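Got a few minutes to go through a structure together? Have a look at the sequence and the model first, then we'll talk.

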Amino acid sequence: MSASRPAAVIVLAAGEGTRMKSRTSKVLHELCGRSMLGHVLAAARALEPDRLVVVVGHRREQVVEHLERAGAGLVPRAEPVVQEHQGGTGHAVRMALEQAWGSAQDELHGTVVVTNGDHPLLRGETLAELVRVHEDEGNAVTVLTTEMPDATGYGRILREGDGAVAAIVEHKDATEEQRAVREINVGMYAFDGALLAGALKRVTTDNAGGEEYLTDVVGILRGDGHRAGAHLAADWVETQGVNDKVQLAQARRQLNDRILEAHMRAGVTIVDPATTWIDVDVTAEPDAVVHPGTQLHGRTHLGEGARVGPGCTLTDTRVGADAAVVNAVCVEAEIGPRASVGPFAYLRPGTRLAAGAKIGTYVETKNADIGEGSKVPHLTYVGDAEIGNGSNIGAACVFVNYDGVSKHRSVVGDHVKVGSDNMIVAPVTIGDGAYTAAGSVIVKDVPPGAMAVARGQQRNIEGWVERKRAGTPAAEAARRAGEARGPAGSPDRERGE
């Protein structure tokens, strides 16, 4: 039997998270391209629940804004409800039911899953299996459990002979025999919705913490004669929460390893997994190669046979088949098939390279369309420009796109040769097949097939250094050179400055 769609998933994300020592809400700390809460919501959405409710409290404004921004267009929409004060896990779930369902909460039918917003390694498959076991066994509640190598500090699961949960005993209250049990309560549950709503009204604060605990619901339901089951998660690592930045770093490493393994098993070569970081939404085709020291962020995509790295950082960038990117930073760029980028290049948003195009060493581009087979080899800035097919931009050129008020665009045609050290002052068009001379400042359109020369005529003032810089090493070198040339080799001297 497969699991049905749950009536709801409730995510608890109201905690203060003081051990993070941060002005950012605990559940909004990021790893591998998503917030912790974002990873949990992705796992929850994999169940396709009718409703997705997030309990917010501490720094709620941050969390609500994040839900609106990061969840735009996603189904189901995450509905925030407020827990005004931290009254325990049972209190948080009760607030969710009262605010999201109101007077209809007693009519909540179907499975309700409760999970935590600080478990970023949780898989949707694990939650789905929890729901399946819950429904197959006809349980009133099913507890997600795991077996820890060291269960110190965790609540132990005590089972009946038929596998049902007899009790959840906190570590401090457990006997030595009970502490030997390695199966622990993860803090996630699948409930019968109607039974949950009724039991929550009977949870008391008669405990040392003065809070309403969700674990008490398990005891209440068992006391009413209902069955409490458990589903053992095979991988204890994915059930671990994050409480401080040490654990955040550990979770980031574990999640990144999971992502890298999936890519490698799909045919991607990752030369050095220890120095490679890939976000969860990155995609890559078989035979792509990622070299050491590379970070792939956002929705970056690597085409078949693409080679990226070493030393690259790509964000929301598409790399075409068999393209090569070396020691480069690329943001929201499109790199065509067989194109070449780097080393030490910076592709800013709006850069688009056609097939076989080249961006070389110390080149920066922005809002630039580089045509098929065109080259910008070195020491150049191309901003707000369109370069046609088969053109070459010489070294040390600048596309001057900003007049202090507005940005302007330049157009370079097909098979154009722009000389070294040119200033292309926008807006300007250089026609197909045209040339520009080295050192030119191009401020007017260049017709197709023309040679544009825009520089002053060279004038040599003989003897200037010896007259104006007498006593310097340069003057002495010039004097010796003049003596070596002799009178016969001396050209006529132009006087003046």
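What follows is a set of questions and answers on this predicted model.

Q: How many salt bridges does a search of the whole structure find?
A: Side chains of opposite charge can pair when their charged atoms come close. Searching the whole structure for such salt bridges gives a total of 25.

Q: Which residue meets E176 in a salt bridge, and how far apart are N and O?
A: Residues three or four places apart in an α-helix point the same way, because there are 3.6 residues a turn. E176 sits in helix α5 (residues 176-179), and its partner is three residues away, so about one helical turn separates the two. E176 is exposed at 63% relative accessible area, while the partner is partly exposed at 30%. The salt bridge joins E176 to R179, with N to O at 3.8 Å.

Q: What is the distance between the closest N and O atoms of D369 and R352?
A: D369 and R352 form a salt bridge. That pair links distant parts of the chain, 17 residues apart, with D369 in strand β27 (residues 358-370) and R352 in strand β26 (residues 352-353). D369 is partly exposed at 22% relative accessibility, and R352 is partly exposed too, at 35%. Their closest N and O atoms are 2.5 Å apart.

Q: Which residues do shared salt-bridge partners join into one network?
A: Start with E483 and R479, whose side chains meet in a salt bridge at 2.4 Å, N to O. The two are four residues apart in helix α10 (residues 473-485), so they are separated by about one helical turn. E483 is exposed at 54%, and R479 is partly exposed at 30%. Salt bridges with shared partners make one network of E476, R479, R480 and E483.

Q: Which side chain makes a polar contact with the side chain of H171, and at what distance?
A: H171 lies in the loop between β9 (165-169) and α5. Not counting residues up to four places away in sequence, H171 touches A151, T152, G153, Y154, G155, R156 and R179. The side-chain polar contact of H171 is with R156, at 3.0 Å.

Q: Why do the buried residues of α2 lie on the same side, and how wide is their arc?
A: In helix α2 (residues 60-70), the buried residues are V63, H66 and L67. Their directions around the axis are confined to a limited arc, which puts them on the same side of α2. That arc is only 100 degrees.

Q: Which exposed residues does α2 carry on the face turned away from its buried side?
A: The buried residues of α2 have cover that includes β3 (34-35), α1 (36-45), β4 (51-56) and β5 (78-82). The face turned away from that buried side carries the exposed residues E61, E68 and R69.

Q: Is A324 buried or exposed, and what is its relative accessible area?
A: A324 is in strand β21 (residues 324-325). Leaving aside neighbours within four places in sequence, A324 is in contact with R307, A339, S340 and V341. Buried means under 20% relative accessible area. A324 therefore counts as buried, at 15%.

Q: Which residues form a nonpolar patch on the surface, and about how much accessible area do they have together?
A: One member, L379, is found in strand β28 (residues 375-387). Another, Y362, lies in strand β27. The full patch is F344, Y362 and L379, with about 340 Å² together.

Q: What is the phi of Y362, and what is that of D421?
A: Most residues other than glycine have a negative phi. D421, in the loop between β32 (417-418) and β33 (423-425), has a positive value, and D421 is partly exposed at 44%. Y362 is not a glycine either, yet its phi is positive. The values are about 55 degrees for Y362 and near 55 degrees for D421.

Q: Where are P310 and P343, and which residues are joined to them by a cis peptide bond?
A: Most peptide bonds are trans. P310 is in the loop between β18 (307-308) and β19 (313-315), and P343 is in the loop between β24 (340-341) and β25 (345-347). Omega is about 5 degrees for the cis bond at P310 and near 5 degrees for the one at P343. The residues joined to them are G309 for P310 and G342 for P343.

Definitions and conventions
Residues are numbered from 1 along each chain as its sequence is written. This is a predicted model: local features need pLDDT of at least 70, side-chain atom pairs count only at pLDDT 80 or more; totals for chains, interfaces and linings use all residues. Side-chain values use heavy atoms; hydrogens and water are left out. Patches are made of residues with over 30% relative accessible area and no salt bridge: like charges are joined within 9 Å, nonpolar side chains (Val, Leu, Ile, Met, Phe, Trp, Tyr) within 5 Å. Accessible areas come from the Shrake-Rupley method with a 1.4 Å probe; for residues, only the protein chains shown count as cover. A salt bridge is a side-chain nitrogen of Lys or Arg within 4 Å of a carboxyl oxygen of Asp or Glu. Buried means under 20% relative accessible area, exposed over 50%, partly exposed in between (1.4 Å probe, protein chains only). Contact means heavy atoms within 4.5 Å. A polar contact is a pair of N or O atoms within 3.5 Å; within protein, one must be able to donate a hydrogen and the other to accept it, and residues adjacent in sequence count only if both atoms are side-chain atoms. The arc is that of the directions from the helix axis to the C-beta atoms.
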